[in-house]
Amino acid sequence: DGFIHLADYRPPAWRIPSAELQFELGPDATEVTARLALSPDPAQPGEALELDGEELELLAIALDGQPLPPERYDYDGRRLRVHGVAADCTLETRARIHPAANTRLEGLYRSGRLLLTQCEAEGFRRITFFADRPDVMPRWRIVLRADRAAYPVLLANGNPVSTRELGDGRHEATWENPHPTPAYLFAIAAGAMERVSSTLETMEGRRVELNIWAEPGDVARCAYALGAVERSLRWDERRFGRCYDLDVFNVVAAQDFTMGAMENKGLNIFNARYILADEATATDADFLAIESVVAHEYLHNWSGNRVTLRDWFQLSLKEGLTVFRDTEFSADLHSRALKRIEVVRLLRSRQFPEDAGALAHAVRPDRYREISNFYTMTIYEKGAEVIRVLHTLVGEAAFRAGMDRYFADNDGRAATLEDFLAAHAAASGRDLAQFARWYSQAGTPELHVTDAFDAATGDYTLTVTQNTPPTPGQPEKLPLLVPLRFALYDASGRAITAPPEADAVVHDGLAELTAPTHVLRWRGLGARPLPAFNQGFAAPVKLHFDYTVDQLARLARLERDPFNRWDLLQRLATDALLGAAHAEAATAALGDALADLLADASADPAFVAECLALPDFDTLAEALPEVDVDTLVARREELLDRLAEEQVEGLQARYDALADAARGGLGGEAMSARALRNACLAWLTRLDPEAKLAQAQFDAATTMTERLAALRCLLHFQAPGADAALQAFRDAHAQDPLVTDKWIGLVATRPDPEALDEVQALMATPWWKPANPNRVRALLGSFARSNPLGFHRRDGAGYRFVAGQVVALDAINPQVAARLLGGFESWRRWASPRRELAREALASLEGKLASPDGRDLLQRLLG
Ligand code: HT7
Ligand code: ZN
């Protein structure tokens, strides 16, 4: 069946204590000589020597300096087997690879005029022969040779050791990485790059040079990313006591990159969109995303690199943990509440649907066919939520002690989830056996809470039941350890501080749920209190409590936790949209709450903007057993139109009042003002067929944040000036691929079934670059993931189009193609005829996808 199983894990039969690689770099052909010290595991004597190597041209092979005759080895294009070796030895191979022909962007490839690598998860085997698994961790010496004119900068992992001229126009640079490092963290980068730099001294007294490298012309837009590296480094020292451990930290920006960025040891390689920024070309959201991705990759230096993974089943051990760390970084540096809102929006719109769909899997899966398909919302975002659950349960001090212990016990090792849990269990003194179920059970847990009040005795009870729905391969679920925060408010709005009697551990307003049902009981209350739950979204669950509209509206004013105030308004909007019995009352209450917020000059404008942003299509769809796309989109639009009409004065007043504050650069106050102004602008444009305000903002904008928001309004509301504005924007930024991606994304997401025609028309222009992942995401990813009316066209043309593009892209970059296919993950819940149309589109792919990535995903989707 092609599955690799966690239960089949065996330690490597051969170890590789050191590796020396020499590259003769060229875009069309590169020769790689690898000298590997090999040592058999004494516990597994007699095991054959086998190395990974994919599509390599083997030019030479020698053992302990002696060329090997053909009968001593065989290579089938995937595995190299060397016969008759049983003891320590040195294997030398020479292989040829072809970077310019590598459109998969795995292994060594060309991006613009740079040569770059991407090795996670299994790309190193496309560079040379090696035991390409994360528990094989040599120390590395890397020698790069290339034509000096074309490749003046030669970078690799670790510290620079020496450089020299080779006399024939070529030059050489040698690097050493002294830390035991798996092959997936290997990296080189070569080409004409310029840099911005700074130096600092770590808490341990090491002087470190920080460099951000980019192609000439882009370097002026690297300063913000450099600052973000400095902030990340200092934050990890402060909050986790972790210092940087090499003499240089290099970061390279690449226009062609399959994902966001890569944490290679000492040489991070980034998608240029997460490095390059200035106010004329990047939005405020781009700046914040850059800071958070830079932090994420930097923070991997401890959570992933110093302590790495035993095997790919443990992927969330580095990814979930590092997302937790980067969100804490952002929360500490900016607004904790706004960061939490951003994360919860992402969870609800993308991770919950994944966890409820055909591709659902556990945070630690127990089998996979293709690991590239597991870089998912569940591994990253749910994985981070699970760490947050642990943090909530044990508290900051014990959590930090557990992390210190984890790093100390596993430094230089390839660890497992069990190692992580053991460190935290030891530091906190807690038994984490039930907590560990979060890692093995897929699906979003649901909590149903009911209450009862006995007016005669004053007894008030909350009954909480939990269940996790079935997911593919997991029909039955066990109860999880869920930290449920709660608060009770009395009739005058004061919080009731008396703890309940409970059949669960309760402390500090938090009940530790462990059983299918728990009861919390308060005695002698004077009146029925109003309960509130899950402050800060401490538990990543769906919580159901049958509030009346009045209760929701009252709580939205009472709750101290800003996250919950926002969440209660989201709940009112959801009730208004999904046709609850009290939809009309919910709409009215939501309108009142928004009017209050718009009138409240003391409220953070960015928070008000978040409250104005109703739940998106995916979040709403996920709450429904069956999705009727047209009705859902129409209801959402109707509600927005109605609210806009009701709030027009408040919206206009805030828009005008914040004009000065919005002009203030990248400070929090200015960003916040721009966020609310842009939210108001989008609502106001609904009422203005001429889109005069949007046109005026577009014409006068001094930042990309303002200009792009105005352009979105013009295009999406089909304003009279839309075409001219698009053309002006397009021409002004024609040389900048990242800004080009922005307008292409706007075209692809115009909320109209006809958007498909425009997407197809763009594919016939030079703007279409199918080998560039950012461009594919801008055009096709936005269409499939963020244009419900286009993708879900009633005639099925959206599904057929995307399926056809998956076939074309599968032959270019299978990982990008597989992500696009992921847009079908919820197809079984789409109401007829869409379900049948989607099934037909998927079925049409059978036999047409050559890559393991595409085939695995298709099999799971059709399951
Ligand atoms: N750890 C990195 C993952 C990644 C990746 C995975 C598969 C194919 C391409 C890739 N590029 C980067 C990114 C991160 O989580 O930090
Ligand atoms: Zn990561």
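This dialogue walks through the domains, the ligand shell, the nonpolar core and one loop residue of a predicted model.

Student: Into which domains is the chain divided?

Tutor: A domain assignment splits a chain into stretches given by residue ranges, and here the assignment gives domain 1 (1-191), domain 2 (308-440), domain 3 (446-539) and domain 4 (733-863). The C-alpha centres of domain 2 and domain 4 are 30 Å apart, and their contact draws nine residues from domain 2 and 13 residues from domain 4. On the side of domain 2 that touches domain 4, the residues comprise three nonpolar, three polar and three charged.

Student: How many residues surround ligand 1, and which are the closest?

Tutor: Ligand 1 is surrounded by 15 residues, of which E120, T258, M259, M262 and Y375 are the closest. By class, this shell contains five nonpolar, six polar and four charged residues. Two secondary-structure elements, strand 21 (261-262) and helix 2 (284-299), each contribute at least two residues to the shell around ligand 1.

Student: Where does ligand 1 lie with respect to domain 1 and domain 2?

Tutor: Here one looks at which domains give residues to the shell; both domain 1 (1-191) and domain 2 (308-440) do, and therefore ligand 1 lies between them.

Student: What does UniProt list for residues 102-185?

Tutor: A record of this kind should be read with its status in mind: the UniProt entry, which is unreviewed, lists residues 102-185 as "domain: Aminopeptidase N-like N-terminal". In the model, the chain over residues 102-185 is 0% helix and 45% strand, with its end C-alpha atoms 19 Å apart.

Student: Which residues touch the most other members of the largest nonpolar core?

Tutor: That core holds 261 residues, and those touching the most other members are A190, V252, I275 and L714. Among the elements that build this core, helix 5 (residues 377-410) gives the most, with 13 residues. If one sets aside neighbours within four places in sequence, A190 is in contact with L25, L114, L115, L144, A146, Y151, V153 and L154.

Student: Is D508 buried or exposed, and why?

Tutor: The idea is to count C-beta atoms around the residue's own, and a residue with 12 or fewer inside 10 Å is called exposed; D508 has 8 such neighbours, so D508 counts as exposed. This residue sits in the loop between strand 30 (505-507) and strand 31 (510-513).

Student: How far apart are D508 and T128 in sequence and in space?

Tutor: Sequence separation and spatial distance are read separately: D508 and T128 are 380 residues apart along the chain, while their C-alpha atoms are 55 Å apart in space.

Terms used
Residues numbered from 1 in each chain as written. Chains lettered and ligands numbered in written order. Predicted model: local features only at pLDDT ≥ 70, side-chain atom pairs only at ≥ 80, totals over all residues. Domains from an automatic or database assignment. Contact = placed C-beta atoms within 7 Å. Nonpolar A, V, L, I, M, F, W, Y, C, P; charged D, E, K, R; others polar. Near = placed C-beta within 6 Å. Helix = DSSP H or I, 4+ residues; strand = E, 2+ residues; numbered from the N terminus. UniProt positions renumbered as here; feature names shortened; annotations may be inferred. Core = buried A, V, L, I, M, F, W, Y, C linked by C-beta atoms within 7 Å. Buried ≥ 20, exposed ≤ 12 C-beta atoms within 10 Å, placed from the backbone.
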